[in-house]
Amino acid sequence: MTHDQFVDIVELGCDAGIRFSEAVPLDMVAVPIGMPQRFVVAGSPAFVARHGMPTDPLALLAQPCVKLRFPSGVLYRWEFERAGQRHELNVNGPLTVDDQQLAQRAALDGVGWAYLYESSCAPHIASGALVAVLTNWCPPATAFQLYYPSRRQTSTALRAFIGWVQAGHGQGI
């Protein structure tokens, strides 16, 4: 099962879950999985030609952006940090989506700036289909964590997967 909604993995009978470290429940065992994730702001070259490039994060408040809504209904606030300055912006825009892939598609189609995982949009940036901006304001975030209950016997399959991850094989996840 995969989706972005926060769920109780014990209640659902799941062996484990994956979340960013700050969202892992305190009563769970967590194992880092993959590399730290970084977000970037990206738009199409045609969009940049029409709207210009923002010079700082606050300039995004006056430009069309593709907003991201969590399953809870909460809108994601875009996060920026540089030299001790921190901004969390509730951007404006013509489109709100609940999926990173849709946000990326909207950016490629020129709808607005999108706040995307760098790893997923890197091929589009490399090809010139997307332009990344404000990269010096987008430091790496935390890595994902594989988490599982500390008070439940771990299955053989999960123990094998945890060993595989700890051996460094989960870096591409």
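**Briefing: strand pairing in a predicted chain**

Ala42 of strand β3 stands opposite Ala132 in strand β9. The model described here is predicted. Its chain contains five helices and ten strands, and this briefing turns to β3 and its partners, then to a three-stranded sheet, and finally to the chain as a whole.

**Strand β3 and its partners**

- Strand β3 covers residues 39-43, and strand β9 covers residues 131-133.
- β3 and β9 run antiparallel and are joined by three bridges.
- β3 also pairs with strand β8, which spans residues 113-117. This pairing is antiparallel as well and extends over four bridges.
- Within the pairing of β3 with β8, Val40 stands opposite Leu116.
- In general, the strands of a sheet pair through backbone hydrogen bonds, in either a parallel or an antiparallel sense.

**Burial of strand β3**

- Is β3 mostly covered or mostly uncovered? The strand is mostly covered, for five of its five residues are buried.
- Both faces of the strand are covered. Phe39, Val41 and Gly43 lie on one side, Val40 and Ala42 lie on the other, and all are buried.
- Val40, which stands opposite Leu116 of β8, and Ala42, which stands opposite Ala132 of β9, are thus both on one face of β3.

**The open sheet of three strands**

- In which order do the three strands of the open sheet lie? The order is β1-β10-β2, and the pairing is antiparallel.
- The edge strands are β1, residues 17-20, and β2, residues 28-33; each of them pairs on one side only.
- From one strand to the next, the twist averages 35 degrees.
- β2 is joined by six bridges to β10, which comprises residues 144-149.
- Val31 of β2 stands opposite Leu146 of β10.

**The chain as a whole**

- The chain has 173 residues, of which 38% are buried.
- Its C-alpha atoms fill a box of roughly 55 × 35 × 30 Å, taken along the principal axes.
- Of the contacts between residues at least 6 apart in sequence, 74% join residues at least 24 apart.
- The chain exposes about 9600 Å², and carbon and sulfur atoms supply 55% of this area.
- There are 12 positive and 14 negative side chains in the chain. The centres of these two sets lie 2 Å apart.

How values were computed
Residues are numbered from 1 along each chain as its sequence is written. This is a predicted model: local features need pLDDT of at least 70, side-chain atom pairs count only at pLDDT 80 or more; totals for chains, interfaces and linings use all residues. Side-chain values use heavy atoms; hydrogens and water are left out. Two strands pair if DSSP finds at least two bridges between them. Helices (H or I, at least four residues) and strands (E, at least two) are DSSP runs, numbered from the N terminus. Axes are lines fitted to C-alpha atoms, for helices over the stretch in contact, and angles run from 0 to 180 degrees between N-to-C directions. Buried means under 20% relative accessible area, exposed over 50%, partly exposed in between (1.4 Å probe, protein chains only). Contact means heavy atoms within 4.5 Å. Accessible areas come from the Shrake-Rupley method with a 1.4 Å probe; for residues, only the protein chains shown count as cover. Lys and Arg count as positive and Asp and Glu as negative; His and the chain ends are not counted. The place of a charge is taken as NZ of Lys, CZ of Arg, CG of Asp or CD of Glu.
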